[in-house]
Amino acid sequence: MISRRKVLGVFVGLVLSGQALSVSAEPLKIGYSDWPGWVAWEVAVEKKWFADAGVDVKFEWFDYVASMDAFAAGQLDAVGMTNGDALVTGSTGAQSVMVIMNDYSNGNDMVIGAPGIDSIKALKGKKVGVEIGFVSHLLLLNALEKNGMTESDVTLVNVPTNETPQVLASGQVDAIVAWQPSSGSALELVPGSSKIYTSADEPGLIYDMLAVSPSSYASKRAEWEKVAKVWYKVVDYIKDPKTTDDAVAIMASRVGLSPKVYKSFIEGTKILTLEEAKSFYKKGPGFDSIYGSSKLSDDFNVANKVYDKPLDIESYIDPSLTLGL
C-alpha cells in the first residue's frame, strides 16, 4: 500500500507584505517517462509555470515500468500511466485516482510486421513479440478481433517493449507490438518492416493519464487543481502555431531527439484540449469514454489473469478536477 507522506507546515518567523509564510515540507513528486503526452510536462518545467502558479512540483524521469514501480513503492505522489496500467498497478495494492487526461494514443502504438508480413491476417501461425499483460497486448488482441482472429491464431513471445526492435531484427519473431520510441526504432532498424495496425485504428483504446495517490489527492487537492491548470497552459502552448515549434524543441531535447523527428511522435499522440478531455469523461460503454475504455481494459486484465477479479472502475476515475476548470 502506498505510504502516507507527512506534510508538515513550517512557519517561518518572518513577515512579507504583512503575511506570514508557511512552507510545505516537500513538493508534489510526479513520475514521468518517454511518451509525448508526458514529455509535454517538460514545457511547464522549463518555463517555470508551476512556480508562477504557486505550486511546488518535482518531476522525476523514469523508464515507464520503473515509474509505476516507484509509485507503487510510495516514492511518488503521482505518475503518468495508461488507464489500463493504472488498474494493474492498483490491483497490487497501489490504488490511484486518474485526474488529468493527457492524451490518447493516435498511431504511436503499433503492430509492426517483418518484411513480407503486410497485414494482421498474415500473422496467422506466426510469432509475435509483445509484453504480455501490458497495453500492447490489448492492442494486439483488438487487431486480431477486428480481422476475425483470436490470440490462438498466433504464438505470443513475451518481450519487454524496449527490446522489441532488436528481437524483430534478430528474426526470432515475425512481428512485434510496441509504442514510440520503440516502434519507430523497429521500423528504422528492420528495412522492409511495416506498421500493419496502430492505435489510430481504434481511438480511445489507450488513454494516457496522470494518476495520483488517493492520500495526496485528498490532502492537497488545491495544489492538484493548480497542476491541472498548468497542464492546459502546456496544451495551449503546444497547439498554438506561434509556439508549437518551441514546445516541440523543448520536448525533443528532453529525450535527445531532433525536433523534426519528435514532431512525428507528437502527431501520433492526440493531446487533448480541455473541452476534448471533458467529452471523454462522459460515461459510456465504448472507447470514446474513459469509463468504457477502462472497463474493456479491466475485462482484458481479468481474462489474461493479470489479476483475479474485476475492479471498481469508478473508484479509479475522478473527472471533477477537469470538469471544474
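# Exercises on a predicted model

By class, seven nonpolar, six polar and one charged residues make up the lining of the largest cavity. Keep that mix in mind as you work through the exercises below. The structure is a predicted model, and residues are numbered from 1 along each chain.

## Exercise 1: The enclosed space

Task: Find out how much space lies in the largest cavity and which helices supply its lining.

Solution:

Step 1. Begin with the search of the whole structure, which finds one cavity of 30 Å³ or more. About 70 Å³ of space lies in the largest cavity.

Step 2. Next, look at the wall. There are 14 lining residues, and those nearest the centre are Gly84, Asp85, Val135, Leu138 and Ser297.

Step 3. Now assign the lining to helices. At least two residues come from each of α5 (83–91), α6 (135–146) and α14 (290–303). Helix α5 gives the largest share, with four residues.

## Exercise 2: A helix inside the structure

Task: Decide whether α5 is largely enclosed or largely open, and say what covers its buried residues.

Solution:

Step 1. Use the cut-off for burial, which is under 20% relative accessible area. The residues of α5 that are buried are Asn83, Gly84, Asp85, Ala86, Leu87, Thr89 and Gly90.

Step 2. Draw the conclusion: seven of the nine residues of α5 are buried, so the helix is largely enclosed by the rest of the structure.

Step 3. Identify the cover. It includes the helices α4, α6 and α14, along with the strands β5 (78–82), β6 (97–105) and β12 (207–212).

Step 4. Finally, check what comes after the helix. Gly93 follows α5 and has a positive phi, near 115°.

## Exercise 3: Building the sheet

Task: Work out the strand order of the open five-stranded sheet, then place β10 among its partners.

Solution:

Step 1. Write down the order, β9-β8-β10-β7-β11, and note that the pairing is mixed. At the edges are β9 (155–158) and β11 (194–198), each of which pairs on one side only. From one strand to the next, the twist averages 25°.

Step 2. A reminder helps here: strands of a sheet pair through backbone hydrogen bonds, either parallel or antiparallel.

Step 3. Take one neighbour of β10. Strands β7 (residues 110–113) and β10 (residues 175–178) run antiparallel and are joined by four bridges. Across this pair, Ile112 has Ile176 as its bridge partner, and Gly113 has Ala175.

Step 4. Take the other neighbour. Strands β8 and β10 run parallel, with two bridges between them. Here Val128 has Ala175 as its bridge partner in β10.

Step 5. Check the faces of β10. Both are covered: Ala175 and Val177 are buried on one side, and Ile176 and Ala178 are buried on the other.

Step 6. Add the helices. Helix α8 (residues 182–189) lies across β7, β10 and β11 and runs at about 15° to β7.

## Exercise 4: The open pocket

Task: Describe the largest pocket by its volume, its central residues and the make-up of its lining.

Solution:

Step 1. For the volume, about 440 Å³ of space lies in the largest pocket. Its lining has 24 residues, and the closest to the centre are Asp63, Tyr64, Val65, Asn162 and Trp179.

Step 2. For the source of the lining, helix α4 (residues 64–72) contributes the largest share, three residues.

Step 3. For the make-up, divide the lining by class into twelve nonpolar, six polar and six charged residues.

## Exercise 5: Two lysines

Task: Classify Lys278 and Lys282 as buried or exposed, and list their contacts beyond four places in sequence.

Solution:

Step 1. Place each residue. Lys278 lies in helix α13 (residues 274–280), whereas Lys282 lies in the loop between α13 and α14.

Step 2. Apply the cut-offs: under 20% relative accessible area is buried and over 50% is exposed. At 19%, Lys278 is therefore buried. At 58%, Lys282 is therefore exposed.

Step 3. List the contacts, leaving aside neighbours within four places in sequence. Lys278 is in contact with Thr322, Leu323 and Leu325, and Lys282 with Ser289 and Tyr291.

Step 4. Compare sequence with space for one pair. Lys282 and Pro319 are 37 residues apart in sequence, and their C-alpha atoms are 8.8 Å apart.

Definitions and conventions
This is a predicted model: local features need pLDDT of at least 70, side-chain atom pairs count only at pLDDT 80 or more; totals for chains, interfaces and linings use all residues. Side-chain values use heavy atoms; hydrogens and water are left out. On a 1 Å grid over the protein atoms alone, a cavity is a set of points where a 1.4 Å probe fits but cannot get out, and a pocket is an open set with protein on both sides within 12 Å along at least five of seven lines; lining residues have an atom within 4 Å of a point. Grid points are joined across faces, edges and corners, and a volume is the space filled by probe spheres set on the points. Ala, Val, Leu, Ile, Met, Phe, Trp, Tyr, Cys and Pro count as nonpolar, Asp, Glu, Lys and Arg as charged, and the others, Gly among them, as polar. Two strands pair if DSSP finds at least two bridges between them. Axes are lines fitted to C-alpha atoms, for helices over the stretch in contact, and angles run from 0 to 180 degrees between N-to-C directions. Contact means heavy atoms within 4.5 Å. Buried means under 20% relative accessible area, exposed over 50%, partly exposed in between (1.4 Å probe, protein chains only).
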